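Thank you all for coming; I would like to take a few minutes to walk through a structure that is new to most of us. Please have a look at it before I go on.

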Amino acid sequence: MGEQVARRAPSVVPQEAELLELAEHVVRLARRGGADAADVLLDSGTEFSVTVRRGQVEKLLEASSRGLGLRVFRGGRCALAYTSDLAPAALAAFVERTLDLAAVADPDPCAGLPEPAAWAPPQPTDLAIDDPQLPQVTAEQKIELARRCEEAAFAFDPRVTNSDGATFSSEYGVRVLVNSAGFAGAYRASGCSLVMEAVVDDAAGKKRNAHWYTAARAFQDLEPPEAVGRRAAERALRQLGARKVATQTVPVVWDPLAGRAFLAHLARAMTGDALYRRATFLLDQEGREVASPLVTLIDDATLRGGLRSRPFDGEGATSRRNEVVVQGVFRGFLLDTYSARKTGRQTTANAVRGVGSAPSPGTTNFYLAAGPSRPEEIIASVDRGLYVTDTMGFGWNLTTGDFSQGAAGLWIERGEFAYPVSEINISGNLKAMLRDIDMVGNDLEFRSATAAPTFRIARLVVSGL
Amino acid sequence: MDTTPVVGAPPRAEAFFATQFGIDVPVLEDLLACALSRGGDYADLYFEYRQTNSLLLEEQAVKRAAGGVLQGVGIRVIAGEATGYAYTEDFSRESMRQAALTAARIAAYGQAPGPIDMTPLGLANHYPILRPATEARAAEKLALLRRADQAARAYDPSIVRVVASLVDELRYVLIATSEGRLAGDVQPMLRFSVQCLSERGRSRQTAVAGGGGRYGLEYFEAHPPEALAREAARQAVLLHAAVEAPAGTFPVVLGAGDSGILLHEAVGHGLEADFNRKRTSNYTDRVGQPVASPLCTVVDDATIANSRGSINVDDEGQPAGRNVLIANGILQGYMQDRISARHFGVAPSGNGRRESFKHLPMPRMTNTYLLPGDAAPEDIVRAVKKGLYCVAYSGGQVNISNGDFVFSVSEAYLIEDGKITAPVRNVTLIGNGPETLSKVTMVGHDFRLSDGRWTCGKDGQSVPVGVGMPTVLVSEITVGGTKL
């Protein structure tokens, strides 16, 4: 199917003005009902996804949705509620219920909206996060991209015998935030991605699988589908015949995909709620050297075209670029308003929020800055060690820094890939691991919002046979 | 364990949707007709209305009270092997018809089926509740949180911070299919969680404990909040004394209860029929073959009274049941949804589940467990000269295609000369599903179901599940540690 299906472009999302007016109305209702302060987050958008598997459209989803989240403060007491029923009568009752809910909470001197100073700086313009062309791309075009992507994986090598499908997804929407202290903001954002999962047969009924993907704000910035398909196939094939290795301590080289997962976990130790809950190994480490001088970590919500760039955060604070670690020195935590007040700091505009959730500090575009080394040099530097491509599991203790994860990848002998490995584990402590980063690659690219170039940790325990 | 279904009419979701939103049988028939207006072999509607409340206590104060309603309908059209899906949060006729027409676009061929005759399903109720949490006063729930907070801090002076939360949910679902199936269910859920921070000098340790299930507030009569709080406090305090975990391959004793996540990861996911239909599981084509030690019988059972993973009916309208997946080591069959069941030519097993009306159903586990054997748990520990005893976990993950899994262990001890000795920290178990299950050499008689706290993620969809097992000895498994 596919070719025969007649389609129109996804329905256009509502205009910002209309949503702003609705959000302002709800804030007014909350104030009138007795709230000292309130804010309203409104998300409205469309989503599309199609999976092509073995040449056929397997599933196709298309929907538009909207949701409203209300936060009220009453005598320092905070309540939060969400709804998707935006009819006027329903909204009035919703606001009343939310106000009642606040009576349940205890007063908290740190609860409240950000200081107006947080949204005083001009918002970044020209973020390039809204691709007006994306809603014009037809379903046929998207199906075709997925089809070409999967075909390229199959064509890459006859040993690619199966696929979990190629999936094209896109979303387009408007976000509106209004608070009772004078902030009103809105922006449009788009996103699209193409993901391929290739499967190859190994000995004894085992399969090897690997995925690869491209993601961007703008449709035209996606990589060619064939390149994605081929790369997925290549990554699955290189795992054929994977085995365990003996237990030993070796240097570990992180490929950018494994490296980004590492950074995503690490970032949770660098947020304000881990700080005020004293649940981070970085407690009392601000201003100190916590990593090798090769390590610079940046969180930049203003990155042009960045997958998590936005003009303001989940509380209205103007987006900015935060230096978290500079040449090994820990500059400070990523904060929202609450964690900032709680710890006597200022918000860093890192409030992440959905309509159904409370704001909490989190990363935007978070990355390990590129270093001087070519990735081939890093691999060649290892006499015997692991090149890790995948990690698994929940072995992150952010309070103590203890780290232990399942891993798969390629074994390095005398500076070259020798054979694939799987079903092994890597362990260490993050305090030492950050100091042991002794090579950083020059191959940083923003395939995802959290990104890392290739890097090397001088020593980790590999558990195996 | 109680696996006897409690017979009795569950509260009527059908009546709820009809009276609240005017969604009655003629509306359902009209929407199904829209969904199949361009052809297609099959269509179904999944209505959901979910009310959630949550309370968070931190630093002895209620930090936040939250609530919300999620409502909408997901409409699916199947044409051949292709599925079209659309959803809307708006229960107006116009919006729902629009969603049905959107889903219908997948169907480029096929015959429109004849008129639909809706037959409501009679269902057993596996989660009778006495005191619905969604209707309880906030003050009553707060008292539970305060009791937990006090008990945790009273456990040990080193407990300096406690975060306690209570989330309750009531979910009305209504499923109508073009084959005339009509099923409704009302699904309660309760989740209680306590997190403790223990500080001793420069050593800081955190631990979490929790429980719940498809209960009302009567849950706390048998599971006092103090007990869960002390459990979190105990684990946090214990970690100060924990030694580095050994690295390498050792015999491992998996304690009764939570270790059931081993089954969930090591075999459960690989036995979900979609992976086998697509031939991407390492259990593909292995029905009838040995896939585990003869000591292993693995069951997926949606009918355990009030368990977190229990369902009266799956999200495709199939009554849920008890399915034996592996009997004495031999693979019996897979967990099916509608699409897979038709592919394999078998009856759906009641495992078609979804996160919400925004998601397509797929084969998912309910409560997955290993049946008890006859060994005494103390004999199992005694049989190990040098190894590990694992009790509590922070999570597990599996790669379906090759069967490689990991478990992150939050409470474990060394076993030395048949005795449980020092607690160890930072332990990961890593192995391969079929290989590990073939190395199960002893199975205890002490079966335990985990207190409900597990959520399973697959393809970006989260669903609540239950796990359980007796004490088990695995003769060798790779332990990811730091001590060589």
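Which residue follows H1(B), and is its phi positive or negative? The residue is B:Gly22, and its phi is positive, near 70 degrees. I should say at once that we are looking at a predicted model, and everything that follows should be heard with that in mind.

Let me stay with helix H1 of chain B, which covers residues 13-21 and in which B:Ala13, B:Glu14 and B:Phe17 are buried. If we look down the axis of H1(B), those buried residues fall within an arc of 110 degrees, so they line one face of the helix. That fits a general point, namely that an α-helix has 3.6 residues a turn, so residues three or four places apart point the same way. The buried residues of H1(B) pack against four strands of chain B, namely E1 (42-58), E4 (119-120), E5 (159-177) and E6 (181-200), whereas the face turned away from the buried side carries B:Thr19 and B:Gln20, which are exposed.

Now to a pair of helices in chain B: H2, residues 25-35, and H3, residues 93-104, pack at an angle of about 30 degrees, with their axes 7 Å apart. That angle makes H2(B) roughly parallel to H3(B), because angles under 35 degrees are counted that way. The crossing of H2(B) past H3(B) is right-handed. On the H2(B) side the contact is made by B:Leu31, B:Cys34 and B:Ala35, which meet residues of H3(B) including B:Met96, B:Arg97 and B:Leu101. Sorted by class, this contact has eight nonpolar residues, one charged residue and no polar ones.

How values were computed
Residues numbered from 1 in each chain as written. Chains lettered and ligands numbered in written order. Predicted model: local features only at pLDDT ≥ 70, side-chain atom pairs only at ≥ 80, totals over all residues. Axes fitted to C-alpha atoms, helices over the stretch in contact; angles between N-to-C directions. Helix = DSSP H or I, 4+ residues; strand = E, 2+ residues; numbered from the N terminus. Parallel < 35°, antiparallel > 145°, perpendicular 65-115°, else oblique. Left-handed = near helix turned anticlockwise from the far one by under 90°. Contact = placed C-beta atoms within 7 Å. Nonpolar A, V, L, I, M, F, W, Y, C, P; charged D, E, K, R; others polar. Buried ≥ 20, exposed ≤ 12 C-beta atoms within 10 Å, placed from the backbone. Arc of directions from axis to C-beta.
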